[in-house]
Amino acid sequence: DSLSSGQMSLPRDLTLALGKYSMGGGNKKGLYAGLSELFSIAGGPSKWVPKAPAIAERSTGHTMGFHADLMAEINKVERKAQDAFAIRSHNNATKAREHIRSEIVPVKTSEGVVKDDNLIRSKINPAKVAKLKPAFRKAERHGTVNAASSSALTDGASAVLLMSEEKAKALGYPTDVVCKAYVKTAVEPYPQLLLAPAVAIPKCLEKAGLTLDDIDVFEIHEAFSAQVLATLKVLESKEFARVFLGKSEPVGSIPMNKINLCGGSIAIGHPFAATGGRLVTTAANLLRRTGKRYALLSICAAGGIGGVMIIERRSA
């Protein structure tokens with residue numbers, strides 16, 4: 001995923017008009033009739049200016065940061081807690097720098113070799129973070145999410161090999177880490193666009209025959225501090241369990257000392273197409289280093305979608 005050379009999108013009315021013109025037969029109606037139809041949908045050329053890339057949800061028209069702000073407001077996640085979680089991400093990533101480096105394949109470029117994530121701030125200043133203005137809604141409109149508590153859009157790539165145990169052994173790959181269970185869910189995109197993992201987590205645990213207490217390591221994608229903390233809050237909520245899960249009791253609490261021990265997307269960055277692979281890699285290596293057994297991976301996505309996977313480290 002390369003956000004530094006991201007494509008600029010055309011206005012939606014123009015893309016619809018062009019699609020109808022080229023695929024819907026407009027180009028066969030004659031020049032005047034076809035173009036008249038195109039202009040009636042697309043408007044005049046002044047409305048055709050390409051738009052800079054924005055992390056916006058097509059179904060709601062709002063940015064993901066706007067939705068993270070709503071989640072913070074709805075679930076009463078305070079600005080101070082969001083800032084503290086963001087600082088924690090950088091601190092954890094700084095401590096785990098050597099482990100993170102070991103998971104990177106160096107890439108040669110015309111400017112040298114890229115072998116490190118260059119977003120991690122080893123000396124992040126809490127006082128400066130506290131002074132940052134809200135990035136998506138003004139403070140008087142309950143805006144709390146800021147640049148520091150949001151994941152940065154970065155370039156990156158990842159790869160994960162998934163195969164049968166028989167094939168892995170035949171090719172000489174380790175077979176100690178396996179996919180125990182995975183679940184994808186979705187919620188109504190407005191207002192809590194990024195909440196679907198909270199629905200997927202209990203379903204995945206049930207599918208694996210496990211409880212929250214059985215999980216040793218949690219790798220939760222940090223789109224925003226607000227999104228992670230809101231997810232943790234609703235898992236402890238009876239009301240959420242009743243409305244979203246049809247259960248009478250909450251899912252439970254996840255100890256912070258099990259979450260993102262090597263930092264997360266806020267510190268490392270979030271190349272959209274690569275973050276999932278990074279979560280799998282980091283979680284598998286953590287299980288190997290610590291000798292623990294289960295890791296739960298969680299990621300939110302556009303469209304109100306959430307994905308959760310549980311991986312297991314088995315004894316040789």
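Arginine 137 and aspartate 69 are both buried in this predicted model, and their side chains form a salt bridge in which the closest N and O atoms lie 3.7 Å apart. Because arginine 137 sits in the loop between helix H6 (126-131) and H7, and aspartate 69 in helix H3 (residues 64-74), the pair ties together parts that are 68 residues apart in sequence. In total, 13 salt bridges are counted.

A further group of charged side chains is worth a visit: Arg97, Glu98, Arg101 and Asp116 are linked in a network of salt bridges. Within this network, arginine 101 pairs with glutamate 98 at 2.3 Å, N to O. These two residues belong to helix H5 (residues 97-102) and are three residues apart, about one turn of the helix. Arginine 101 also meets aspartate 116 in a salt bridge of 3.0 Å, N to O. This second pair links distant parts of the chain, with aspartate 116 in the loop between strand E2 (112-114) and H6, 15 residues from arginine 101 in helix H5. Glutamate 98 is exposed, at 54% relative accessibility, whereas arginine 101 is partly exposed at 29%, as is aspartate 116 at 28%.

Turning to helix packing, H8 (residues 196-208) and H10 (residues 238-245) cross at an angle of about 85°, with their axes 11 Å apart; H8 is therefore roughly perpendicular to H10. The contact brings Ala198, Val199 and Pro202 of H8 against Phe240, Phe244 and Leu245 of H10.

On the surface, Leu161, Met163, Leu171 and Tyr173 make a nonpolar patch of about 400 Å². Tyrosine 173 is in the loop between helix H7 (165-171) and strand E3 (177-186), and counts as partly exposed at 40% relative accessibility.

Notes
Residues are numbered from 1 along each chain as its sequence is written. This is a predicted model: local features need pLDDT of at least 70, side-chain atom pairs count only at pLDDT 80 or more; totals for chains, interfaces and linings use all residues. Side-chain values use heavy atoms; hydrogens and water are left out. Patches are made of residues with over 30% relative accessible area and no salt bridge: like charges are joined within 9 Å, nonpolar side chains (Val, Leu, Ile, Met, Phe, Trp, Tyr) within 5 Å. Accessible areas come from the Shrake-Rupley method with a 1.4 Å probe; for residues, only the protein chains shown count as cover. A salt bridge is a side-chain nitrogen of Lys or Arg within 4 Å of a carboxyl oxygen of Asp or Glu. Helices (H or I, at least four residues) and strands (E, at least two) are DSSP runs, numbered from the N terminus. Buried means under 20% relative accessible area, exposed over 50%, partly exposed in between (1.4 Å probe, protein chains only). Axes are lines fitted to C-alpha atoms, for helices over the stretch in contact, and angles run from 0 to 180 degrees between N-to-C directions. Angles under 35 degrees count as roughly parallel, over 145 as roughly antiparallel, 65 to 115 as roughly perpendicular and the rest as oblique. Contact means heavy atoms within 4.5 Å.
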